[in-house]
Amino acid sequence: MDVELLVAASAEFERVVTELPEGSWELPTPCEVSVRELVEHVVEGNRFAVAVLAGASATAAWGAVRAQKFGPDAVQESAAGQVEAFRAVAGDDVVHHPAGDITAEAFLRYRLVDVVVHAWDLLTTAGLDETLNTKLTEGLWALVEPELAEMLAFGSYGDGPSGTVTPEAPAQLRLLDAFGRRLT
């Protein structure tokens, strides 16, 4: 499992959150929730990952996550916890996901896409430069492209690929388009 890619994804998400203009927290994102709600979603996902990677059921994990507060250090703390939780498991370990049991390696791909795509959602909502770390998007695209059909079957990624992005397009564009983000 490429946990170092998760380290890079977490750092990119943290960078984006720190760059958000103060007045952007209530703006609507492409996910039809506010910036604040989207950041909280990623934090909750990070915390959920810690719980299920430790063996909790999806139901128990969500219960524990919902009871936690969202403080000023939540993004960094939850990301660090998630990284350590992934480092503590093997790729073929079973994770009790809401959609059914999956491997830790498959779960890592889901978490990576969630963190990176939502970083872009925040950038575009705030009107900031939408360019994500190129090494990160290239590494993530290489990881998820072979598993794309399985990931899209999960049902949480919008409309899926538009069919208009060429294989020669930059990895960021292919990644975002594959997961339902339409760039103008």
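Me: What share of the 184 residues in the protein chain is buried?
Reply: In this predicted model, buried residues make up 45% of the 184 residues in the protein chain.

Me: And which residues sit at the heart of the contacts in the largest nonpolar core?
Reply: That core has 58 residues, and the members that touch the most others are Phe13, Leu53, Phe107, Leu122 and Phe179. Helices 1 to 8 are the elements that give two or more residues to this core, and helix 5 (104–126) gives the most, with 15 residues.

Me: What is Phe13 in contact with, leaving aside its neighbours within four places in sequence?
Reply: Phe13 is then in contact with Val39, Val42, Val75, Val115, His118, Ala119 and Leu122, and Leu122 is itself one of the core residues that touch the most other members.

Me: Changing topic, in what order do the elements run from the N terminus on?
Reply: The order is α-α-α-α-β-β-α-α-α-α, which reflects a protein chain with 8 helices and 2 strands.

Me: Why does the radius of gyration agree with a compact globule?
Reply: The protein chain has a radius of gyration of 16 Å, and a compact globule with 184 residues would have one near 16 Å, so the two agree. Along its principal axes, the C-alpha trace spans about 40 × 40 × 25 Å.

Me: How many positive and negative side chains are there, and how far apart do the centres of the two sets lie?
Reply: There are 12 positive and 29 negative side chains, with the centres of the two sets 2 Å apart.

Me: Last one, what do carbon and sulfur atoms supply of the exposed area?
Reply: They supply 52% of the roughly stated total, which is about 9,000 Å² for the protein chain.

Key
Residues numbered from 1 in each chain as written. Predicted model: local features only at pLDDT ≥ 70, side-chain atom pairs only at ≥ 80, totals over all residues. Heavy atoms only, no water. Core = buried A, V, L, I, M, F, W, Y, C linked by side-chain atoms within 4.5 Å. Buried < 20%, exposed > 50% of the residue type's maximum accessible area, 1.4 Å probe, protein only. Helix = DSSP H or I, 4+ residues; strand = E, 2+ residues; numbered from the N terminus. Contact = heavy atoms within 4.5 Å. Rg over C-alpha atoms; globule rule 2.2 N^0.38 Å. Areas by Shrake-Rupley, 256 points an atom, 1.4 Å probe, with all protein chains shown as cover. Lys, Arg positive; Asp, Glu negative; His and termini not counted. Charge placed at Lys NZ, Arg CZ, Asp CG, Glu CD.
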